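Good morning, colleagues. I would ask you to bring the model up on your screens, so that we may go through a few of its helix contacts together.

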Amino acid sequence: MACMLEAPLRISVLSEVTATSRHYVDRLFDPDPQKVLQGVIDMKNAVIGNNKQKANLIVLGAVPRLLYLLQQPSSSLELRTECAVVLGSLAMGTENNIKSLVDCHIIPALLQGLLCQDLCFIEACLRCLRTVFISPVTPVQLLYPDPTVIPHLMSLLSRSQRTQEYITQIFSHCCKTPEHQTILYNHGAIQNIAPLLNSPSYKVQMQALKCFSVLAYENAQVSMTLVNVLVDGELLSQVFVRMMQRDRPIEMQLTAAKCLTYMCRAGAIRTDDTCIVLKTLPCLVRMCSKERLLEERVEGAETLAYLMEPDVELQRIASVTDHLVAMLADYFKYPSSVSAIADIKRLDHDLKHAHELRQAAFKLYASLGANDEDVRKKITETENMMDRIVSGLSESSIKVRLAAVRCLHSLSRSVQQLRTSFHDHAVWKPLMKLLQNAPDEVLVMASSTLCNLLLEFSPSKEPILESGVIELLCSLTQSDSPALRVNGIWALMVRFTLERRLKVKVEIVRALGTEQLFRLLSDPDANVLMKTLGLLRNLLSTRPHIDQIMSSHGKQIMQAVTLILEGEHSIEVKEQTLCILANIADGNTAKELIMTNDDMLQKIKSYMGHSNVKLQLAATFCVSNLIWNEEDGSQERQDKLREMGFVDILHKLTQASDPSLCDRAKTAMQQYLA
């Protein structure tokens, strides 16, 4: 029955489309150019504010015909301009409209139209291009394939205020990558756009300002250039400061603050510069006030978090500016029942976007509490703060969860908070739950936080251990993400392998599996390799533990050590590997795996003569453990190493210029003299 009804329904919709819109499209094909022009003008009037009519005309094929007329040399300038206006109006409809226009290759056609000398036509083409490019469904890369486009757009900036507004808006929306920044920079964006900051048009000023914010973001080259730019004899940074004054529109204040923030983070402006400390930071704090609109509060908080992220002093100053820590607590109560929002549409919008406020607050709290113990204490003592973080860890929005765990990670650097707030609220439980299933970026931050909760002085460590965390951490070491592999190994290395209990170490080796352990020992990521060597070194500590682990896995461990010592690795990696050998040499029975391996002994001998003191020290320590007098079989081991020439090398090392190496060699020599 449903299948029988589907076809008539489709036919009725199509009939309606045909009946109401077909005549507009038909008139585009009239042989009389004047009638075509009038048809386009009528179409323009019909589609204004009418999304349904726009969609109908697109379905009926109006776009290809309009583009054809726009590109025809025989079309009058008036007709071409009206076609561009209609296309711009169609672009102001739905995202599907934009997709249809892009699929019809509207962008190259309009860019080609910019070569015309007529200003009205150029402005119509630019207005349409602007509308298309600011849509999230348009690939911004479509602006860049033709290398002549950007310089031509730069040349059009001087034509009128409208060309300035549209072109700078196109640039600010299409500058998404470092490559885009470089292209615009190389084609004179800074010199061409800087004068527009003093334009009599507010719209032009704002679009120019937005251009500078996207150009400067994480770009040292652009930021260093901006510092020295003069606009009518005034430094650009001072122009930005002037634009942050309280009497300027909020949008302008906020965007100017972003420009200075990005220049500061790129290293072009010092963090203790007055334009940052006394102007930019207070301006961004003002944006966090509950008097501001939701999107302004979000942008203000996130920009402030970014500004002070690496700087302890800015974090301290911000924490005591306008009661910021308490002010952020309001982000979790918005919109409240007493919110002064008369506009129903605005209330509906804010309800849908309230999670963005929570995300921004968590980000800013994370930045504020990154280093200072007093600030962390102030944050955790803010009303219901720990409960809010715990709730944030299970929110449906991934971005909120990530921001919440970042905040938790920042606070977890505090010994005091680990012992009090973290324990009182059992934050390890939702954290463990989060680690079961989350995107990699969340897992990286959550596992970093877990590492802090596993530190010796944390009261959470025992319940976490009992909850099966070893299996979870071992699973992280199998991730495709190097950062996750590092965190998994780091937690195992720092917390559990320092245990004096052999059963915990055996559990780690069992859960990790020897294959995975040795796969990690050949990991291409140097950080993963270093942490794995640290894990192995900690596992091989305490003689009974060394002997037990080497008795079951000695062959594989010695193979892995050999491969690393023979391979192209850093000094740090080889030093850590020689320290593992020194631990093995300290075992009662494990040391025989070295003594019966002449190839390994020759390697140790060669590293005693290495040019790097760290490697000499580690190799000499290994020899010292092998020949220690108080242990069974020491005489036979001493004799073998004497025959292999170790004593001669030790004697030379007693004359070494490095005092630590000299002392270690003397200690080893004493074993022969005793």
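I shall speak about the domains, the annotated repeats and three pairs of packed helices. Please keep in mind throughout that this is a predicted model.

Let me begin with the overall layout. The domain assignment of the protein chain gives domain 1, residues 18-138, and domain 2, residues 542-673. Between the C-alpha centres of domain 1 and domain 2 there is a distance of 80 Å.

Next, the annotation. In an unreviewed UniProt entry, the label "repeat: ARM" is placed on residues 61-97 and 512-554. Residues 61-97 are 76% helix and 0% strand, with the end C-alpha atoms 12 Å apart. For residues 512-554 the figures are 79% helix and 0% strand, and here the end C-alpha atoms lie 16 Å apart.

I turn now to the helix pairs. At what angle do helix H30 and helix H32 cross? The axes of H30, residues 469-476, and H32, residues 502-512, cross at roughly 40 degrees and come within 9 Å. H30 and H32 are therefore oblique to each other, and their crossing is right-handed. On the H30 side, the contact is made by Ile-470, Glu-471 and Cys-474. H32 contributes Val-504, Glu-507, Ile-508, Arg-510, Ala-511 and Leu-512. Sorted by class, this contact of H30 with H32 holds six nonpolar and three charged residues, and no polar ones.

The second pair is helix H34, residues 526-539, with helix H36, residues 571-585. Their axes are 9 Å apart, and the packing angle is about 15 degrees. An angle under 35 degrees counts as roughly parallel, so H34 is roughly parallel to H36. H34 passes H36 in a left-handed crossing. From H34, the contact involves Leu-529, Met-530, Leu-533, Gly-534, Leu-536 and Arg-537. From H36, Glu-572, Val-573, Gln-576, Thr-577, Cys-579, Ile-580 and Asn-583 take part. The contact of H34 with H36 comprises seven nonpolar, four polar and two charged residues.

H36 also takes part in the third pair, with helix H39, residues 613-626. The axes of H36 and H39 cross at roughly 10 degrees and come within 8 Å, which means that H36 is roughly parallel to H39. The residues of H36 in this contact include Ile-571, Lys-574, Leu-578 and Cys-579. Among those of H39 are Lys-614, Leu-615, Phe-621 and Cys-622. How do the residues of the contact of H36 with H39 divide into nonpolar, polar and charged? There are 12 nonpolar, one polar and three charged.

One residue deserves a final remark. Cys-579 of H36 appears in the contact with H34 and also in the contact with H39. Thank you for your attention.

Technical notes:
Residues are numbered from 1 along each chain as its sequence is written. This is a predicted model: local features need pLDDT of at least 70, side-chain atom pairs count only at pLDDT 80 or more; totals for chains, interfaces and linings use all residues. Side-chain values use heavy atoms; hydrogens and water are left out. Axes are lines fitted to C-alpha atoms, for helices over the stretch in contact, and angles run from 0 to 180 degrees between N-to-C directions. Helices (H or I, at least four residues) and strands (E, at least two) are DSSP runs, numbered from the N terminus. Angles under 35 degrees count as roughly parallel, over 145 as roughly antiparallel, 65 to 115 as roughly perpendicular and the rest as oblique. A crossing is left-handed if the near helix is turned anticlockwise from the far one by less than a right angle, and right-handed if clockwise. Contact means heavy atoms within 4.5 Å. Ala, Val, Leu, Ile, Met, Phe, Trp, Tyr, Cys and Pro count as nonpolar, Asp, Glu, Lys and Arg as charged, and the others, Gly among them, as polar. UniProt positions are given in the numbering used here, feature names are shortened, and annotations may be inferred rather than shown by experiment. Domain bounds come from an automatic or database domain assignment.
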